[in-house]
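Got the viewer open? Keep the selection box handy and we'll walk through this one stop at a time.

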Amino acid sequence: MRSKVGPEHLRDFERRRSLRFVLPHQEDITLFVAGQPYQGKLEDVSIGGAKLRIAGAVPLPSDVRLEHGTAGTIEGICMWHDGETVGIAFDLTDPALDLISLCLRQGVPGSTFAA
C-alpha cells in the first residue's frame, strides 16, 4: 500500500533538512504542557524548530507552548520526546523569529541536520 505524501510531509521534510545551530550558552526556556510549566534549556534551534532539555519528567506532550525571556511566547507541536529531551516544531511567528534570530547570532552550526 502506497502512502500519500502531502504538503505537510514536504514541510516536515524541509524542516528536517534545516541546519541546526547549537548554542554555546544554552538559553533558559519554560515548556508548558497541558498548562503545567517545566523549566529547561534550549539546546539548539533551526528554522521552525528547537531541541529542549527539560529538568525532570515531562508527560508525552502534543501541543505545547514555549516561553522565553526575550522572545516571548511561542506555540508549537512536540515532534518527538525522548526522556528529558523534546523536539518542538513551530510556525514562523514574530516571537519564533525573534528566538531564532537571537540563537543564530550566538549559535554554532551543528555537524548534523535536524532529525
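One cut-off before we start clicking: a residue is called buried when its relative accessible area is under 20%, exposed when that area is over 50%, and partly exposed in between. Select Cys78 and try it out: its relative accessibility is 13%, so Cys78 counts as buried. Hop over to Cys103, which is buried because its relative accessibility is 0%. While you have cysteines on screen, how many disulfides are there? The count comes to 0. Keep in mind throughout that this is a predicted model.

**The whole chain**

Now zoom out and colour by secondary structure. You'll find 2 helices and 7 strands, running α-β-β-β-β-β-β-α-β from the N terminus. The chain has 115 residues, and 40% of them are buried. If you like contact maps, take the contacts between residues at least 6 apart in sequence: 54% of those join residues at least 24 apart.

**The core**

Next, show side chains for Leu31, Leu42, Leu52, Ile54, Leu66, Ile88 and Phe90. These belong to the largest nonpolar core, which has 23 residues, and they touch the most other members of that core. Who supplies the core? Strands S1 (19-33), S2 (36-46), S3 (49-54), S4 (63-68), S5 (72-82) and S6 (85-90), plus helix H2 (94-106), each give at least two residues. For background, nonpolar side chains in soluble globular proteins tend to be buried together.

Centre on Leu31 and expand the selection to its contacts. Leaving out residues up to four places away in sequence, Leu31 touches Gln36, Pro37, Tyr38, Leu52, Ile54, Val58, Val64, Arg65, Leu66 and Ile88.

**A buried glutamate**

Stay in strand S1, but move to Glu27. What is the nearest side chain of opposite charge to this buried residue? That would be Lys41, 8.6 Å away, and Glu27 has no salt bridge. Draw a distance to His68 instead: the side chains of Glu27 and His68 make a polar contact at 2.8 Å. With residues up to four places away in sequence set aside, the neighbours touching Glu27 are Gly40, Lys41, Leu42, His68, Leu102 and Gln106.

**Charged pairs**

Side chains of opposite charge can pair when their charged atoms come close. This structure holds 4 salt bridges, so let's visit some.

- Lys41 and Asp28: their closest N and O atoms are 2.3 Å apart. Lys41 sits in strand S2 and Asp28 in strand S1, so this pair ties together parts that are 13 residues apart in sequence. Lys41 itself is partly exposed, at 32% relative accessible area.
- Lys51 and Glu43: this salt bridge spans 3.5 Å, N to O. Lys51 is partly exposed at 24%, whereas Glu43 is buried at 12%. Add Arg53 to the selection and you have a network of salt bridges linking Glu43, Lys51 and Arg53.
- Glu67 and Arg65: here the N to O distance is 3.3 Å. Glu67 counts as partly exposed, with 31% relative accessibility, and Arg65 is partly exposed too, with 26%.

**An unusual backbone angle**

Jump to the loop between S1 and S2 and pick Ala34. Is Ala34 buried or exposed? Exposed, because its relative accessible area is 77%. Check the backbone torsions as well: phi of Ala34 is near 50°, a positive value in a residue other than glycine. As a reminder, most residues other than glycine have a negative phi.

**Last stop: a histidine**

Finish in strand S5 by selecting His81. With a relative accessible area of 26%, His81 is partly exposed. Which backbone oxygen does its side chain reach? The one on Gly83, at 3.4 Å. Then bring up Pro61: His81 and Pro61 are 20 residues apart in sequence, and their C-alpha atoms are 7.9 Å apart in space. Pro61 also shows up in the contact list of His81, together with Val58, Pro59, Leu60 and Val86, once neighbours within four places in sequence are left aside.

Key: Residues numbered from 1 in each chain as written. Predicted model: local features only at pLDDT ≥ 70, side-chain atom pairs only at ≥ 80, totals over all residues. Heavy atoms only, no water. Core = buried A, V, L, I, M, F, W, Y, C linked by side-chain atoms within 4.5 Å. Buried < 20%, exposed > 50% of the residue type's maximum accessible area, 1.4 Å probe, protein only. Helix = DSSP H or I, 4+ residues; strand = E, 2+ residues; numbered from the N terminus. Contact = heavy atoms within 4.5 Å. Disulfide = S-S within 2.5 Å. Lys, Arg positive; Asp, Glu negative; His and termini not counted. Polar contact = N/O pair within 3.5 Å; in protein donor to acceptor, adjacent residues only side chain to side chain.
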